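Subject: Structure handover

Hello,

Here is the structure I promised. Please open it alongside this note. My findings follow below.

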Amino acid sequence: MTIRVAIAGARGRMGSTAAAAITEAPDMVFAGALDYKYDGWYINGGTLIEQPSGVRVYTSIAELAEAEKPDVLLDLTDPEAVFPNAQKAIALGIRPVIGTSGLTLEEIDHLKIMSEQKGLSCILAPNFSIGAVLMMKFAAQAAHYLGDVEIIEMHHDRKLDAPSGTAVKTADMISDVRTPHLQGHPDEQVNAYGARGADVQGMKIHSVRLPGLLAHQQVLLGGEGELLTIRHDSFDRKSFMPGVLLAVRESVSHHQFVNGLEQLI
Ligand SMILES: NC(=O)C1=CN([C@@H]2O[C@H](COP(=O)(O)OP(=O)(O)OC[C@H]3O[C@@H](n4cnc5c(N)ncnc54)[C@H](OP(=O)(O)O)[C@@H]3O)[C@@H](O)[C@H]2O)C=CC1
Ligand SMILES: O=C(O)C1=N[C@H](C(=O)O)C[C@H](O)C1
């Protein structure tokens with residue numbers, strides 16, 4: 001079976017890398033681009049053009065669905081666009097594969113209900129890199145023994161959302177295995193706003209944004225007289241592509257909501 005993949009965000013850094021990977025995959029076709037502008041334009045070899053050659057751009061997912069019959073919508077957009085895109089995709093019978101970060105817990109729950117009512121897969125992958133998924137799994141495994149955890153995530157300075165989807169997912173996976181408890185000094189005094197990072201599931205997440213970075217994370221697990229550091233680095237967006245192709249392939253054989261690539265590897 002050839003899987004027809006539409007991409008929302010195909011002009012972007014991640015979307016254009018994914019478009020190239022899908023175009024090269026023998027069992028997939030890049031079937032259409034969903035955008036909020038450039039309706040009726042085309043994407044050809046990564047370039048946006050007006051001439052009818054390559055993959056057509058649509059601003060309406062209903063029109064895209066009608067004309068291109070995609071099996072999957074790969075979403076690599078932004079925190080504002082991803083939820084409405086996924087809702088509309090499920091309603092139209094198109095399986096969302098979501099890489100975009102920034103969905104709220106309520107939005108995730110809503111998509112889970114929609115996907116399960118429709119019996120249509122919806123895959124949410126906060127990080128497509130296999131190495132990053134292993135880093136999250138190892139961190140959760142280690143937190144069973146070393147329950148005091150802080151996370152430092154570091155990204156390029158064009159990133160819109162903080163904390164990263166990966167850091168939030170890591171905290172979620174750790175909170176599933178550790179006994180909730182207060183970390184740090186109970187009378188801690190914060191003298192500069194944000195100095196202690198964001199509190200997610202009782203763990204601090206510190207977000208660094210700098211040019212030169214791409215996507216990096218350290219999970220620090222402290223114990224009496226010791227520190228375990230688990231670190232992952234993505235130096236190139238190609239690191240995400242095996243996971244993108246895996247999620248697209250898995251999406252057509254699943255019929256439910258999948259939260260995290262770790263469920264699939
Ligand atoms: N799961 C994973 O492994 C990874 C996830 N990501 C996530 O992917 C997302 C995109 O990241 P990145 O590629 O760096 O960001 P970019 O800003 O480079 O790309 C996003 C693209 O989406 C476009 N866009 C915005 N709104 C819409 C919309 N409503 N419909 C269609 N397209 C839209 C933007 O257009 P314009 O610029 O004109 O606004 C832009 O071209 C982020 O949420 C990021 O966190 C990134 C890397 C890996
Ligand atoms: O914006 C990015 O670049 C990335 N976003 C994802 C996230 O928020 O975790 C995945 C990866 O870290 C790259």
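Start with one strand pair. Strand β3 (residues 42-44) runs antiparallel to strand β5 (residues 55-58), and 2 bridges join them. Ile43 has Val55 of β5 as its bridge partner. Please keep in mind that this is a predicted model.

**The sheet**

Both strands belong to an open sheet of 9 strands. The order is β4-β3-β5-β2-β1-β6-β7-β8-β14, and the pairing is mixed. Which strands stand at the edges? They are β4 (47-49) and β14 (257-259). Each has a single partner strand, so one side of each has no neighbour in the sheet. From one strand to the next, the twist averages 25°. Helix α4 (residues 105-118) packs on this sheet. The helix touches β8 (122-124) and β14. Its direction makes about 145° with that of β14.

**The hairpin**

Another antiparallel pair is formed by strand β12 (residues 215-223) and strand β13 (residues 226-234), over 9 bridges. Gln217 stands opposite His232 in β13. The two strands, β12 and β13, make a hairpin with 2 residues between them. Look at Gly225 in the turn: its phi is positive, about 75°.

**Ligand 1**

There are 24 residues around ligand 1. Which come nearest? Gly9, Gly12, Met14, Ala81 and Gly99 do. Helix α1 (residues 13-24) gives the most to this shell, with 3 residues. By class, the shell around ligand 1 holds 10 nonpolar, 10 polar and 4 charged residues.

**Ligand 2**

The residues surrounding ligand 2 are Ser101, Pro126, Asn127, His155, Lys159, Ser164, Gly165, Thr166 and Ala215. Of this shell, 6 residues are polar, 2 are nonpolar and 1 is charged.

Two members of the shell, His155 and Lys159, deserve a closer look. An unreviewed UniProt entry places the feature "active site" at His155 and Lys159.

- His155 lies in strand β9 (residues 148-155). Is His155 buried or exposed? His155 counts as buried, because 23 C-beta neighbours lie inside 10 Å and the cut-off for buried is 20 or more. Leaving out residues up to four places away in sequence, His155 touches Ser164, Arg209, Leu213 and Ala215. Ser164 and Ala215 are also among the residues surrounding ligand 2.
- Lys159 lies in the loop between β9 and α6 (165-175). Lys159 has 16 other C-beta atoms within 10 Å, so it is partly exposed. That count falls between the limits, 12 or fewer for exposed and 20 or more for buried.

**Gln183**

One more residue to check. Where does Gln183 lie? Gln183 is in the loop between α6 and β10 (198-200). Gln183 is partly exposed, because 16 other C-beta atoms lie within 10 Å. Beyond its neighbours within four places in sequence, Gln183 is in contact with Asp148 and Gly202. How far apart in space are Gln183 and Glu150? They are 9.3 Å apart, C-alpha to C-alpha, with their positions 33 residues apart in sequence numbering.

Best wishes

Technical notes:
Residues numbered from 1 in each chain as written. Chains lettered and ligands numbered in written order. Predicted model: local features only at pLDDT ≥ 70, side-chain atom pairs only at ≥ 80, totals over all residues. Near = placed C-beta within 6 Å. Nonpolar A, V, L, I, M, F, W, Y, C, P; charged D, E, K, R; others polar. UniProt positions renumbered as here; feature names shortened; annotations may be inferred. Helix = DSSP H or I, 4+ residues; strand = E, 2+ residues; numbered from the N terminus. Contact = placed C-beta atoms within 7 Å. Pairing = 2+ DSSP bridges. Axes fitted to C-alpha atoms, helices over the stretch in contact; angles between N-to-C directions.
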